[in-house]
Amino acid sequence: MSMSEKNGLHDLTFKSIIDALPCYLMIQDKDFNILFANHSFQKDFGSKVLGKHCYTILKGVHHRCPDCPVRDTFEDKGFHVSEELIYLLDGTVVEMLAFSAPLFNVIGDVVASIKLLANVGSIKNIHRELVTLGQSIALLSHDIKNILEGLHGGMYVLEEGFNDQDYDLSWHGLEIVKRNVTEITRVTQNILDSAKDRKPSFQEILPADLARQTGQLYADKAQSMGVQLLLQVNPDIPALEMDPTGISRMLNNLVWNALQACQKDIQKRKHHVHVKLDFYDDYHFMFEIEDNASGMDHITQENIFKEFYSTKGHTGTGLGLMVVEKIVKNHLGKIEVLTKPGRGSLFRIIFPLQLNAFLR
Amino acid sequence: MERPPVNRPAYNHILFCTDYSEDAESAFDHAYDQAKKHNAKLHIMNVIASVNPCNICMDQTLSKEECQKESREKDERRRLEELGALKKVYMERCQDLKDCCFVVRVGSPDVEIIKYADENSVDMIIMGTAGRNEKKRLIYIKTAANVSKYANCQVITIGSPEEHQTSQPTE
(Lines give C-alpha, C1' and ligand atoms only; values in the text may rest on other atoms or scores of the structure.)
Protein backbone atom coordinates (compact mmCIF):
# COMPACT_ATOMS: atom_id res chain seq x y z
CA MET A 1 0.00 0.00 0.00
CA SER A 2 1.51 3.29 -1.06
CA MET A 3 1.65 6.37 1.18
CA SER A 4 -1.11 8.21 -0.72
CA GLU A 5 -3.44 5.25 -0.63
CA LYS A 6 -2.86 4.94 3.11
CA ASN A 7 -3.91 8.56 3.65
CA GLY A 8 -6.99 8.33 1.46
CA LEU A 9 -5.40 10.52 -1.21
CA HIS A 10 -5.45 7.92 -3.97
CA ASP A 11 -8.39 9.50 -5.81
CA LEU A 12 -6.73 12.94 -6.01
CA THR A 13 -5.91 14.09 -9.54
CA PHE A 14 -3.57 16.87 -10.59
CA LYS A 15 -6.63 18.86 -11.67
CA SER A 16 -8.29 18.57 -8.25
CA ILE A 17 -5.05 19.66 -6.53
CA ILE A 18 -4.67 22.66 -8.82
CA ASP A 19 -8.32 23.58 -8.36
CA ALA A 20 -7.93 23.48 -4.59
CA LEU A 21 -4.88 25.81 -4.55
CA PRO A 22 -5.67 28.89 -2.44
CA CYS A 23 -4.45 31.18 -5.22
CA TYR A 24 -5.27 31.88 -8.85
CA LEU A 25 -3.57 29.73 -11.45
CA MET A 26 -3.99 30.16 -15.18
CA ILE A 27 -2.32 29.14 -18.42
CA GLN A 28 -2.10 31.67 -21.24
CA ASP A 29 -1.00 31.65 -24.86
CA LYS A 30 1.15 34.22 -26.65
CA ASP A 31 -1.85 36.47 -27.34
CA PHE A 32 -2.76 36.59 -23.64
CA ASN A 33 -5.82 34.36 -24.09
CA ILE A 34 -6.70 32.30 -21.04
CA LEU A 35 -6.43 28.59 -21.92
CA PHE A 36 -6.95 27.24 -18.43
CA ALA A 37 -8.02 28.69 -15.08
CA ASN A 38 -8.28 26.88 -11.77
CA HIS A 39 -11.37 26.66 -9.59
CA SER A 40 -10.43 29.61 -7.29
CA PHE A 41 -10.01 31.79 -10.36
CA GLN A 42 -13.33 30.77 -11.88
CA LYS A 43 -15.07 31.20 -8.52
CA ASP A 44 -14.02 34.88 -8.37
CA PHE A 45 -14.18 35.81 -12.06
CA GLY A 46 -16.94 33.57 -13.39
CA SER A 47 -16.83 30.40 -15.45
CA LYS A 48 -16.73 32.09 -18.87
CA VAL A 49 -13.13 33.25 -18.73
CA LEU A 50 -11.58 30.71 -21.08
CA GLY A 51 -10.55 32.13 -24.43
CA LYS A 52 -10.71 35.73 -23.16
CA HIS A 53 -7.80 38.12 -22.67
CA CYS A 54 -6.33 38.21 -19.17
CA TYR A 55 -6.28 42.02 -19.05
CA THR A 56 -10.02 42.14 -19.77
CA ILE A 57 -10.79 39.70 -16.98
CA LEU A 58 -8.30 40.86 -14.35
CA LYS A 59 -8.15 44.60 -14.98
CA GLY A 60 -11.31 45.35 -16.96
CA VAL A 61 -9.33 47.12 -19.70
CA HIS A 62 -9.04 46.53 -23.43
CA HIS A 63 -5.32 46.98 -23.87
CA ARG A 64 -2.24 45.09 -22.73
CA CYS A 65 -0.65 46.12 -19.45
CA PRO A 66 2.62 48.09 -19.73
CA ASP A 67 4.46 45.68 -17.43
CA CYS A 68 3.51 42.07 -18.01
CA PRO A 69 5.42 39.09 -16.60
CA VAL A 70 3.75 36.76 -19.14
CA ARG A 71 5.08 38.78 -22.06
CA ASP A 72 8.53 38.75 -20.49
CA THR A 73 8.31 35.00 -20.07
CA PHE A 74 7.46 34.51 -23.75
CA GLU A 75 10.31 36.80 -24.72
CA ASP A 76 13.14 35.35 -22.66
CA LYS A 77 11.77 31.92 -21.66
CA GLY A 78 12.41 32.88 -18.03
CA PHE A 79 10.62 33.12 -14.73
CA HIS A 80 9.15 36.55 -13.85
CA VAL A 81 7.50 38.22 -10.86
CA SER A 82 5.50 41.44 -10.67
CA GLU A 83 3.06 43.21 -8.39
CA GLU A 84 -0.38 43.79 -9.84
CA LEU A 85 -3.64 45.42 -8.86
CA ILE A 86 -6.49 43.04 -9.65
CA TYR A 87 -10.10 44.21 -9.96
CA LEU A 88 -12.52 41.56 -8.64
CA LEU A 89 -16.06 41.22 -9.99
CA ASP A 90 -17.57 42.82 -6.88
CA GLY A 91 -15.51 45.96 -7.45
CA THR A 92 -12.83 45.40 -4.80
CA VAL A 93 -9.21 45.96 -5.74
CA VAL A 94 -6.60 43.59 -4.35
CA GLU A 95 -2.84 43.74 -4.52
CA MET A 96 -1.42 40.51 -5.87
CA LEU A 97 1.96 39.08 -6.60
CA ALA A 98 2.09 37.52 -10.06
CA PHE A 99 4.54 34.75 -11.00
CA SER A 100 4.91 33.52 -14.55
CA ALA A 101 6.85 30.52 -15.86
CA PRO A 102 7.20 29.06 -19.38
CA LEU A 103 5.64 25.81 -20.58
CA PHE A 104 7.80 24.19 -23.30
CA ASN A 105 6.93 21.81 -26.11
CA VAL A 106 9.17 18.87 -27.10
CA ILE A 107 11.53 20.99 -29.19
CA GLY A 108 12.00 23.56 -26.44
CA ASP A 109 9.76 26.40 -27.69
CA VAL A 110 7.53 28.25 -25.25
CA VAL A 111 3.96 27.32 -26.16
CA ALA A 112 2.24 28.77 -23.13
CA SER A 113 2.91 30.52 -19.89
CA ILE A 114 1.64 29.46 -16.51
CA LYS A 115 0.72 32.35 -14.25
CA LEU A 116 0.10 32.23 -10.51
CA LEU A 117 -1.46 35.11 -8.58
CA ALA A 118 -1.20 35.28 -4.79
CA ASN A 119 -2.97 37.85 -2.60
CA VAL A 120 -0.41 39.95 -0.74
CA GLY A 121 -2.79 42.71 0.40
CA SER A 122 -2.42 41.97 4.11
CA ILE A 123 1.40 41.84 3.91
CA LYS A 124 1.34 45.14 2.03
CA ASN A 125 -0.79 46.69 4.77
CA ILE A 126 1.72 45.64 7.42
CA HIS A 127 4.47 47.09 5.26
CA ARG A 128 2.58 50.38 5.02
CA GLU A 129 2.05 50.50 8.77
CA LEU A 130 5.76 50.01 9.33
CA VAL A 131 6.56 52.83 6.92
CA THR A 132 4.07 55.11 8.74
CA LEU A 133 5.64 54.17 12.07
CA GLY A 134 9.09 55.00 10.73
CA GLN A 135 7.84 58.30 9.37
CA SER A 136 6.15 59.31 12.60
CA ILE A 137 9.32 58.62 14.57
CA ALA A 138 11.24 60.76 12.11
CA LEU A 139 8.61 63.52 12.40
CA LEU A 140 8.78 63.52 16.17
CA SER A 141 12.56 63.73 16.11
CA HIS A 142 12.14 66.78 13.90
CA ASP A 143 9.79 68.34 16.46
CA ILE A 144 12.19 67.62 19.29
CA LYS A 145 15.00 69.21 17.31
CA ASN A 146 12.95 72.40 16.88
CA ILE A 147 12.15 72.51 20.60
CA LEU A 148 15.78 72.02 21.51
CA GLU A 149 16.61 75.08 19.41
CA GLY A 150 14.02 76.97 21.47
CA LEU A 151 15.55 75.68 24.73
CA HIS A 152 18.99 76.79 23.61
CA GLY A 153 17.60 80.25 22.87
CA GLY A 154 15.91 80.42 26.28
CA MET A 155 19.03 79.29 28.09
CA TYR A 156 21.09 81.90 26.25
CA VAL A 157 18.71 84.69 27.32
CA LEU A 158 18.68 83.33 30.88
CA GLU A 159 22.48 83.25 31.01
CA GLU A 160 22.78 86.76 29.58
CA GLY A 161 20.35 87.96 32.25
CA PHE A 162 22.44 86.41 35.04
CA ASN A 163 25.66 87.79 33.61
CA ASP A 164 24.28 91.32 33.41
CA GLN A 165 22.36 90.85 36.67
CA ASP A 166 19.28 91.83 34.71
CA TYR A 167 16.53 89.89 36.45
CA ASP A 168 13.88 90.93 33.95
CA LEU A 169 15.92 89.38 31.17
CA SER A 170 16.55 86.20 33.18
CA TRP A 171 12.86 85.98 33.93
CA HIS A 172 12.18 86.33 30.22
CA GLY A 173 14.65 83.54 29.47
CA LEU A 174 13.00 81.33 32.06
CA GLU A 175 9.65 81.93 30.36
CA ILE A 176 11.09 80.71 27.05
CA VAL A 177 12.55 77.63 28.71
CA LYS A 178 9.19 76.92 30.40
CA ARG A 179 7.35 77.28 27.12
CA ASN A 180 9.66 74.83 25.43
CA VAL A 181 9.42 72.36 28.28
CA THR A 182 5.65 72.46 27.77
CA GLU A 183 6.24 71.82 24.08
CA ILE A 184 8.49 68.85 24.74
CA THR A 185 5.84 67.42 27.08
CA ARG A 186 3.37 67.73 24.25
CA VAL A 187 5.70 65.96 21.87
CA THR A 188 6.26 63.14 24.33
CA GLN A 189 2.50 62.82 24.53
CA ASN A 190 2.48 62.65 20.72
CA ILE A 191 4.93 59.76 20.79
CA LEU A 192 2.58 57.90 23.10
CA ASP A 193 -0.35 58.79 20.85
CA SER A 194 1.42 57.78 17.67
CA ALA A 195 1.70 54.21 18.90
CA LYS A 196 -1.98 54.26 17.94
CA ASP A 197 -3.25 55.96 14.80
CA ARG A 198 -3.38 59.57 15.95
CA LYS A 199 -6.27 61.55 14.50
CA PRO A 200 -6.11 65.37 14.54
CA SER A 201 -8.34 66.78 17.28
CA PHE A 202 -10.48 69.59 15.94
CA GLN A 203 -11.67 72.39 18.17
CA GLU A 204 -12.96 75.90 17.60
CA ILE A 205 -10.11 78.38 17.61
CA LEU A 206 -9.25 81.84 16.24
CA PRO A 207 -6.61 81.56 13.50
CA ALA A 208 -5.34 84.96 14.67
CA ASP A 209 -4.45 83.45 18.08
CA LEU A 210 -2.38 80.72 16.42
CA ALA A 211 -0.55 83.27 14.27
CA ARG A 212 0.19 85.42 17.36
CA GLN A 213 1.42 82.40 19.33
CA THR A 214 3.87 81.55 16.55
CA GLY A 215 4.96 85.18 16.41
CA GLN A 216 5.63 85.18 20.15
CA LEU A 217 7.40 81.83 20.06
CA TYR A 218 9.89 83.02 17.45
CA ALA A 219 10.19 86.73 18.33
CA ASP A 220 13.28 86.32 20.50
CA LYS A 221 14.83 83.74 18.26
CA ALA A 222 14.37 86.04 15.26
CA GLN A 223 15.94 88.90 17.16
CA SER A 224 18.94 86.80 18.13
CA MET A 225 19.32 85.81 14.46
CA GLY A 226 19.14 89.45 13.36
CA VAL A 227 15.95 88.95 11.40
CA GLN A 228 12.95 91.24 11.64
CA LEU A 229 9.80 89.21 12.26
CA LEU A 230 6.67 91.05 11.13
CA LEU A 231 3.21 89.86 12.05
CA GLN A 232 0.15 91.20 10.25
CA VAL A 233 -3.13 89.72 11.39
CA ASN A 234 -6.65 90.48 10.24
CA PRO A 235 -8.72 90.19 13.44
CA ASP A 236 -11.98 89.82 11.48
CA ILE A 237 -11.31 86.21 10.56
CA PRO A 238 -13.83 84.21 12.59
CA ALA A 239 -13.16 81.27 14.91
CA LEU A 240 -12.93 77.98 13.03
CA GLU A 241 -12.85 74.33 13.82
CA MET A 242 -9.19 73.39 13.35
CA ASP A 243 -6.54 71.18 14.87
CA PRO A 244 -4.61 73.85 16.84
CA THR A 245 -1.58 71.60 17.37
CA GLY A 246 -1.40 70.88 13.66
CA ILE A 247 -1.82 74.47 12.50
CA SER A 248 0.73 75.72 15.06
CA ARG A 249 3.15 73.06 13.91
CA MET A 250 2.58 74.12 10.31
CA LEU A 251 3.19 77.81 11.09
CA ASN A 252 6.19 77.01 13.27
CA ASN A 253 7.78 74.93 10.56
CA LEU A 254 7.24 77.58 7.89
CA VAL A 255 8.47 80.46 10.07
CA TRP A 256 11.46 78.45 11.25
CA ASN A 257 12.36 77.57 7.66
CA ALA A 258 12.09 81.24 6.67
CA LEU A 259 14.26 82.36 9.60
CA GLN A 260 16.92 79.78 8.81
CA ALA A 261 16.88 80.76 5.14
CA CYS A 262 17.44 84.39 6.15
CA GLN A 263 20.32 83.43 8.42
CA LYS A 264 21.94 81.45 5.61
CA ASP A 265 21.64 84.27 3.07
CA ILE A 266 24.73 86.49 3.02
CA GLN A 267 23.78 88.59 0.00
CA LYS A 268 21.58 91.07 1.87
CA ARG A 269 22.26 93.04 5.01
CA LYS A 270 18.71 93.24 6.31
CA HIS A 271 16.35 90.32 6.45
CA HIS A 272 12.72 90.08 7.34
CA VAL A 273 10.11 87.37 7.68
CA HIS A 274 6.56 88.55 7.13
CA VAL A 275 3.75 86.45 8.62
CA LYS A 276 0.37 87.50 7.32
CA LEU A 277 -3.12 86.27 8.10
CA ASP A 278 -5.90 87.67 5.94
CA PHE A 279 -8.91 86.73 3.86
CA TYR A 280 -8.14 85.20 0.48
CA ASP A 281 -11.58 85.85 -0.95
CA ASP A 282 -15.11 85.73 0.47
CA TYR A 283 -14.94 82.01 1.19
CA HIS A 284 -11.31 81.45 2.13
CA PHE A 285 -8.60 82.80 4.36
CA MET A 286 -4.85 82.46 4.04
CA PHE A 287 -1.63 82.47 5.94
CA GLU A 288 1.30 83.98 4.05
CA ILE A 289 4.87 83.49 5.21
CA GLU A 290 7.25 85.57 3.13
CA ASP A 291 10.99 86.06 3.50
CA ASN A 292 13.61 88.02 1.61
CA ALA A 293 16.27 85.32 1.84
CA SER A 294 17.96 83.69 -1.14
CA GLY A 295 14.84 82.02 -2.62
CA MET A 296 14.80 78.63 -4.30
CA ASP A 297 15.84 77.36 -7.68
CA HIS A 298 13.52 75.35 -9.88
CA ILE A 299 14.73 71.92 -8.75
CA THR A 300 14.44 72.78 -5.07
CA GLN A 301 10.95 74.17 -5.60
CA GLU A 302 9.84 70.93 -7.20
CA ASN A 303 11.20 68.79 -4.40
CA ILE A 304 10.44 70.71 -1.22
CA PHE A 305 7.38 68.67 -0.31
CA LYS A 306 9.09 65.34 -0.79
CA GLU A 307 10.10 63.59 2.40
CA PHE A 308 13.75 63.68 3.46
CA TYR A 309 14.54 66.39 0.89
CA SER A 310 16.55 69.10 2.59
CA THR A 311 18.85 71.91 1.55
CA LYS A 312 20.05 72.39 5.11
CA GLY A 313 22.64 69.61 5.15
CA HIS A 314 23.05 67.92 8.52
CA THR A 315 20.86 70.51 10.28
CA GLY A 316 17.68 69.53 8.44
CA THR A 317 15.69 66.33 8.29
CA GLY A 318 13.72 67.22 5.15
CA LEU A 319 10.47 66.53 6.95
CA GLY A 320 9.24 69.99 7.94
CA LEU A 321 7.44 70.82 4.70
CA MET A 322 6.16 67.29 4.32
CA VAL A 323 4.45 67.73 7.70
CA VAL A 324 3.09 71.08 6.53
CA GLU A 325 1.61 69.48 3.43
CA LYS A 326 0.03 66.71 5.47
CA ILE A 327 -1.56 69.15 7.93
CA VAL A 328 -2.85 71.35 5.10
CA LYS A 329 -4.41 68.31 3.46
CA ASN A 330 -6.10 67.36 6.74
CA HIS A 331 -7.73 70.80 6.75
CA LEU A 332 -8.74 70.62 3.06
CA GLY A 333 -6.39 73.48 2.29
CA LYS A 334 -4.02 74.36 -0.51
CA ILE A 335 -0.36 75.44 -0.58
CA GLU A 336 1.02 77.90 -3.11
CA VAL A 337 4.67 78.82 -3.40
CA LEU A 338 6.20 81.85 -5.09
CA THR A 339 9.95 82.06 -5.17
CA LYS A 340 12.83 83.55 -7.08
CA PRO A 341 16.54 82.95 -6.55
CA GLY A 342 18.03 86.00 -4.85
CA ARG A 343 14.67 87.54 -4.07
CA GLY A 344 13.00 85.35 -1.43
CA SER A 345 10.07 83.00 -1.07
CA LEU A 346 6.40 83.23 -0.26
CA PHE A 347 4.38 80.33 1.09
CA ARG A 348 0.64 80.85 0.92
CA ILE A 349 -1.66 78.42 2.70
CA ILE A 350 -5.33 78.79 1.78
CA PHE A 351 -8.10 77.30 3.94
CA PRO A 352 -11.85 77.38 3.45
CA LEU A 353 -13.72 79.57 5.94
CA GLN A 354 -16.52 77.06 6.32
CA LEU A 355 -14.19 74.32 7.42
CA ASN A 356 -16.47 73.23 10.26
CA ALA A 357 -19.12 71.79 8.01
CA PHE A 358 -16.71 69.75 5.90
CA LEU A 359 -14.72 68.16 8.66
CA ARG A 360 -17.66 66.80 10.59
CA MET B 1 30.82 108.65 -37.33
CA GLU B 2 28.69 105.53 -37.25
CA ARG B 3 27.14 104.57 -33.94
CA PRO B 4 27.97 101.08 -32.68
CA PRO B 5 25.00 98.71 -32.81
CA VAL B 6 23.13 98.50 -29.53
CA ASN B 7 22.58 95.01 -28.19
CA ARG B 8 18.91 95.11 -27.31
CA PRO B 9 17.44 92.05 -25.62
CA ALA B 10 15.09 90.18 -27.92
CA TYR B 11 11.46 90.22 -26.90
CA ASN B 12 9.80 87.32 -28.65
CA HIS B 13 6.96 86.70 -26.23
CA ILE B 14 5.08 89.44 -24.43
CA LEU B 15 2.45 88.51 -21.86
CA PHE B 16 -0.37 90.92 -21.19
CA CYS B 17 -2.56 90.12 -18.17
CA THR B 18 -6.05 91.53 -18.06
CA ASP B 19 -9.14 91.45 -15.90
CA TYR B 20 -11.20 94.20 -17.66
CA SER B 21 -10.04 96.80 -15.12
CA GLU B 22 -9.14 100.36 -16.11
CA ASP B 23 -5.53 99.75 -15.21
CA ALA B 24 -5.41 96.71 -17.47
CA GLU B 25 -7.00 98.78 -20.25
CA SER B 26 -4.20 101.35 -20.11
CA ALA B 27 -1.66 98.56 -19.92
CA PHE B 28 -3.03 97.00 -23.11
CA ASP B 29 -2.00 99.97 -25.27
CA HIS B 30 1.52 99.65 -23.96
CA ALA B 31 1.58 95.89 -24.51
CA TYR B 32 0.28 96.35 -28.05
CA ASP B 33 2.94 98.96 -28.83
CA GLN B 34 5.69 96.75 -27.43
CA ALA B 35 4.53 93.70 -29.39
CA LYS B 36 4.41 95.77 -32.57
CA LYS B 37 7.79 97.35 -31.96
CA HIS B 38 9.57 94.07 -31.24
CA ASN B 39 7.51 92.03 -33.71
CA ALA B 40 6.72 89.71 -30.81
CA LYS B 41 3.93 87.29 -30.08
CA LEU B 42 1.39 88.82 -27.72
CA HIS B 43 -0.09 86.43 -25.16
CA ILE B 44 -3.28 87.84 -23.70
CA MET B 45 -4.10 86.19 -20.41
CA ASN B 46 -7.03 86.34 -18.07
CA VAL B 47 -6.87 84.59 -14.72
CA ILE B 48 -10.23 83.91 -13.16
CA ALA B 49 -9.41 84.68 -9.55
CA SER B 50 -10.23 81.33 -8.14
CA VAL B 51 -13.70 81.17 -6.66
CA ASN B 52 -12.85 77.93 -5.01
CA PRO B 53 -9.13 77.24 -4.68
CA CYS B 54 -9.63 74.38 -2.26
CA ASN B 55 -12.21 72.74 -4.53
CA ILE B 56 -14.96 72.61 -1.95
CA CYS B 57 -18.59 73.35 -2.66
CA MET B 58 -20.25 75.89 -0.43
CA ASP B 59 -23.72 74.43 -0.87
CA GLN B 60 -23.99 71.98 1.99
CA THR B 61 -27.23 70.38 0.82
CA LEU B 62 -25.43 68.67 -2.07
CA SER B 63 -23.49 65.44 -1.91
CA LYS B 64 -19.74 65.42 -2.50
CA GLU B 65 -19.99 64.25 -6.10
CA GLU B 66 -22.76 66.69 -6.90
CA CYS B 67 -20.71 69.41 -5.30
CA GLN B 68 -17.65 68.70 -7.39
CA LYS B 69 -19.75 68.54 -10.53
CA GLU B 70 -21.57 71.72 -9.63
CA SER B 71 -18.41 73.70 -8.88
CA ARG B 72 -16.76 72.34 -12.01
CA GLU B 73 -19.71 73.33 -14.13
CA LYS B 74 -19.90 76.76 -12.55
CA ASP B 75 -16.21 77.28 -13.17
CA GLU B 76 -16.61 76.07 -16.70
CA ARG B 77 -19.56 78.38 -17.39
CA ARG B 78 -17.83 81.39 -15.93
CA ARG B 79 -14.66 80.61 -17.76
CA LEU B 80 -16.49 80.30 -21.08
CA GLU B 81 -18.47 83.50 -20.60
CA GLU B 82 -15.41 85.54 -19.72
CA LEU B 83 -13.37 83.90 -22.43
CA GLY B 84 -15.94 84.62 -25.11
CA ALA B 85 -16.38 88.28 -24.21
CA LEU B 86 -12.71 89.06 -23.70
CA LYS B 87 -11.38 87.08 -26.60
CA LYS B 88 -13.63 88.85 -29.08
CA VAL B 89 -12.66 92.31 -27.86
CA TYR B 90 -8.93 91.72 -27.79
CA MET B 91 -8.58 89.60 -30.92
CA GLU B 92 -10.20 92.34 -32.98
CA ARG B 93 -7.75 94.84 -31.62
CA CYS B 94 -4.72 92.63 -32.32
CA GLN B 95 -5.42 91.84 -35.96
CA ASP B 96 -2.31 93.52 -37.34
CA LEU B 97 0.10 91.91 -34.88
CA LYS B 98 2.49 89.15 -35.98
CA ASP B 99 1.02 86.54 -33.67
CA CYS B 100 -1.32 86.60 -30.73
CA CYS B 101 -3.08 84.12 -28.50
CA PHE B 102 -5.66 84.21 -25.75
CA VAL B 103 -5.38 82.17 -22.55
CA VAL B 104 -7.69 81.73 -19.58
CA ARG B 105 -6.56 80.11 -16.33
CA VAL B 106 -8.25 79.55 -12.99
CA GLY B 107 -6.39 80.02 -9.72
CA SER B 108 -4.48 82.60 -7.74
CA PRO B 109 -3.58 85.28 -10.32
CA ASP B 110 0.03 85.80 -9.24
CA VAL B 111 0.84 82.07 -9.21
CA GLU B 112 -0.85 81.40 -12.55
CA ILE B 113 0.75 84.38 -14.33
CA ILE B 114 4.26 83.43 -13.21
CA LYS B 115 3.67 79.78 -14.08
CA TYR B 116 2.44 80.65 -17.56
CA ALA B 117 5.34 83.04 -18.14
CA ASP B 118 7.84 80.32 -17.17
CA GLU B 119 6.17 77.65 -19.28
CA ASN B 120 6.07 79.82 -22.41
CA SER B 121 9.46 81.56 -22.05
CA VAL B 122 7.81 84.97 -21.84
CA ASP B 123 10.29 87.86 -22.04
CA MET B 124 8.12 90.62 -20.65
CA ILE B 125 4.94 90.78 -18.56
CA ILE B 126 2.74 93.86 -18.85
CA MET B 127 -0.17 94.30 -16.46
CA GLY B 128 -2.29 96.83 -14.60
CA THR B 129 -1.12 98.01 -11.19
CA ALA B 130 -4.31 97.12 -9.36
CA GLY B 131 -6.84 94.74 -10.80
CA ARG B 132 -10.59 94.83 -10.66
CA ASN B 133 -10.65 91.99 -8.16
CA GLU B 134 -8.24 93.71 -5.83
CA LYS B 135 -10.05 97.04 -5.97
CA LYS B 136 -13.39 95.45 -5.19
CA ARG B 137 -11.70 93.34 -2.53
CA LEU B 138 -12.83 90.16 -4.28
CA ILE B 139 -9.39 88.78 -3.75
CA TYR B 140 -6.96 89.92 -1.11
CA ILE B 141 -3.62 89.14 -2.68
CA LYS B 142 -1.39 91.77 -4.24
CA THR B 143 -1.05 90.39 -7.74
CA ALA B 144 1.08 93.05 -9.40
CA ALA B 145 3.45 93.32 -6.43
CA ASN B 146 3.96 89.57 -6.26
CA VAL B 147 4.37 89.18 -10.01
CA SER B 148 7.00 91.94 -10.16
CA LYS B 149 8.82 90.37 -7.27
CA TYR B 150 8.80 86.71 -8.25
CA ALA B 151 8.57 86.60 -12.07
CA ASN B 152 11.71 85.50 -13.91
CA CYS B 153 11.41 88.15 -16.63
CA GLN B 154 10.83 91.88 -16.97
CA VAL B 155 7.58 93.15 -15.49
CA ILE B 156 5.91 96.45 -16.28
CA THR B 157 2.89 97.51 -14.25
CA ILE B 158 0.78 100.42 -15.42
CA GLY B 159 -1.87 102.39 -13.53
CA SER B 160 -4.84 104.09 -15.16
CA PRO B 161 -4.30 107.77 -16.05
CA GLU B 162 -7.49 108.90 -14.25
CA GLU B 163 -6.29 107.49 -11.00
CA HIS B 164 -2.91 109.06 -11.52
CA GLN B 165 -4.56 112.47 -11.91
CA THR B 166 -6.69 112.12 -8.81
CA SER B 167 -3.77 110.96 -6.73
CA GLN B 168 -1.79 114.11 -7.56
CA PRO B 169 -1.60 116.56 -4.66
CA THR B 170 -4.02 119.48 -4.95
CA GLU B 171 -2.87 122.86 -3.90
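A residue is buried if 20 or more other C-beta atoms lie within 10 Å of its own, exposed if 12 or fewer, and partly exposed in between. Keep that handy for these exercises on a predicted model.

**Exercise 1.** Work out whether A:Phe32 and B:Asn39 are buried, partly exposed or exposed, and look at their phi angles.

*Solution.*
- Step 1: A:Phe32 has 18 C-beta neighbours inside 10 Å, so it counts as partly exposed.
- Step 2: B:Asn39 has 12 such neighbours, so this one is exposed.
- Step 3: Find them on the chains. A:Phe32 sits in the loop between β1 (24-28) and β2 (34-37) of chain A, and B:Asn39 in the loop between α1 (22-38) and β2 (41-49) of chain B.
- Step 4: Now check the backbone. Phi is near 70° for A:Phe32 and about 55° for B:Asn39. Neither value is what you'd bet on, because most residues other than glycine have a negative phi.

**Exercise 2.** Describe how α8 and α9 of chain A pack.

*Solution.*
- Step 1: Take helix α8(A), residues 207-225, and helix α9(A), residues 244-264. Their axes come within 10 Å and cross at roughly 25°.
- Step 2: Angles under 35 degrees count as roughly parallel, so α8(A) is roughly parallel to α9(A).
- Step 3: The handedness of this crossing is right-handed.
- Step 4: Look at who touches whom. The α8(A) side includes A:Leu210, A:Leu217 and A:Tyr218, while α9(A) offers A:Ile247, A:Leu251, A:Asn252 and A:Val255, among others.
- Step 5: Sort the contact by class: eleven nonpolar, five polar and one charged residues.

**Exercise 3.** Place A:Asn146 relative to the rest of chain A.

*Solution.*
- Step 1: A:Asn146 belongs to helix α6, residues 121-163.
- Step 2: Its count is 19 C-beta neighbours inside 10 Å, so A:Asn146 is partly exposed.
- Step 3: Leaving out residues up to four places away in sequence, A:Asn146 touches A:Asn252 and A:Trp256. A:Asn252 also takes part in the contact of α9(A) with α8(A).
- Step 4: A:Ile184 is 38 residues away along the chain, yet the two C-alpha atoms are 9.7 Å apart.

**Exercise 4.** Which residues touch the most other members of the largest nonpolar core?

*Solution.*
- Step 1: That core has 75 residues, and the answer is A:Val255, A:Val273, B:Phe16 and B:Ile125.
- Step 2: Helix α9(A) supplies the largest share, ten residues.
- Step 3: Zoom in on B:Ile125, whose contacts include B:Leu15, B:Ile113, B:Val147 and B:Val155.
- Step 4: Don't miss the second, separate core of 13 residues, with A:Ala37, A:Ile57, A:Ile86 and A:Leu117 among them.

Conventions
Residues numbered from 1 in each chain as written. Chains lettered and ligands numbered in written order. Predicted model: local features only at pLDDT ≥ 70, side-chain atom pairs only at ≥ 80, totals over all residues. Helix = DSSP H or I, 4+ residues; strand = E, 2+ residues; numbered from the N terminus. Contact = placed C-beta atoms within 7 Å. Core = buried A, V, L, I, M, F, W, Y, C linked by C-beta atoms within 7 Å. Axes fitted to C-alpha atoms, helices over the stretch in contact; angles between N-to-C directions. Parallel < 35°, antiparallel > 145°, perpendicular 65-115°, else oblique. Left-handed = near helix turned anticlockwise from the far one by under 90°. Nonpolar A, V, L, I, M, F, W, Y, C, P; charged D, E, K, R; others polar.
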